[in-house]
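Me: I should like to learn how to read aromatic pairs and strand pairing in a protein model. Please take me through one example.

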Amino acid sequence: MKFRQKNFLQKRIVFDFIACLSLLLYTITNMVDKIPGHVLGVNKIFRENGYQIYLVGGCVRDLLSGRKVKDWDFTTNATPEEILKLFPDAFYDNKFGTVGIPIENLEETEHVGVVEVTTFRSETKYVDRRHPE
């Protein structure tokens with residue numbers, strides 16, 4: 001490949017990368033505007049207490065595709081016991097480490113009035129392609 005062609009291709013790749021990054025930042029900025037304040041409040045409490053927390057699952061898909069979010073799910077490095085200390089009204093009674101946090105005035109169709117938070121898990125063998133052993 002000639003030097004000019006290679007140089008052109010390198011510049012084109014950088015330009016395309018910057019364009020994709022700009023689109024991603026624009027999309028993320030617009031997505032945040034669509035997240036209810038109560039949900040952002042859950043995120044804030046975790047972060048203020050030194051925990052990592054991320055939206056996961058269908059809510060991310062729905063936000064990206066512009067659809068109405070059916071439920072809000074998070075994942076975090078906090079254990080269920082630590083989550084229960086942050087949210088005394090929360091409940092936890094399952095083997096997947098998911099804690100339900102009741103949120104007043106939260107409109108969703110799948111788990112009405114509840115945000116679900118699950119502790120990070122490592123990748124292992126999945127029994128049904130969805131739940132780890």
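**Rings and strands**

Reply: Let us begin with a single ring: F120 has a relative accessible area of 35%, so F120 is partly exposed. Please keep in mind that this is a predicted model.

Me: With which ring does F120 form a pair, and is that pair stacked or tilted?

Reply: To classify a pair, one looks at the angle between the ring planes, and under 30 degrees counts as stacked. Here the partner is Y54: the planes of Y54 and F120 stand at 20 degrees, so the pair is stacked, with the ring centres 6.3 Å apart. The two residues come from distant parts of the chain, 66 residues apart: Y54 belongs to strand β1 (residues 53–56), and F120 to the segment after β5 (114–119).

Me: Is Y54 buried, partly exposed or exposed?

Reply: Y54 counts as partly exposed, because its relative accessibility is 39%. Y54 also has a charged neighbour: R47 lies over the face of the Y54 ring, 5.5 Å from the ring centre.

Me: How many aromatic pairs are found in the whole structure?

Reply: A search of the whole structure finds 3 aromatic pairs. One of them joins F46 and F87, whose centres are 5.6 Å apart and whose planes make an angle of 35 degrees, a tilted arrangement. This pair also links distant parts of the chain: F46 lies in helix α2 (residues 37–48), while F87 lies in the loop between α4 (80–86) and β3 (91–92), 41 residues apart. Both F46 and F87 are buried.

Me: Which residues do ring pairs link into a cluster?

Reply: The cluster consists of F46, Y51 and F87, linked by ring pairs.

Me: Let us turn to the strands. Why is strand β4 described as largely enclosed?

Reply: One counts the buried residues, where buried means under 20% relative accessible area. In β4 (residues 98–102), 4 of the 5 residues are buried, so the strand is largely enclosed by the rest of the structure.

Me: In which sense does β4 pair with β3, and over how many bridges?

Reply: The pairing of β3 with β4 is antiparallel, over 2 bridges. In one bridge, F91 has G100 in β4 as its partner. The hairpin of these strands has 5 residues between them, and there G97 takes a positive phi near 80 degrees.

Me: In which sense do β4 and β5 pair?

Reply: β4 and β5 also run in the antiparallel sense, pairing over 5 bridges. Along this pairing, P102 stands opposite V114 in β5.

Technical notes. Residues numbered from 1 in each chain as written. Predicted model: local features only at pLDDT ≥ 70, side-chain atom pairs only at ≥ 80, totals over all residues. Heavy atoms only, no water. Phe/Tyr/Trp six-rings, centres within 6.5 Å; stacked < 30°, edge-to-face > 60°. Buried < 20%, exposed > 50% of the residue type's maximum accessible area, 1.4 Å probe, protein only. Lys NZ or Arg CZ within 6 Å of the ring centre and 35° of its normal. Pairing = 2+ DSSP bridges.
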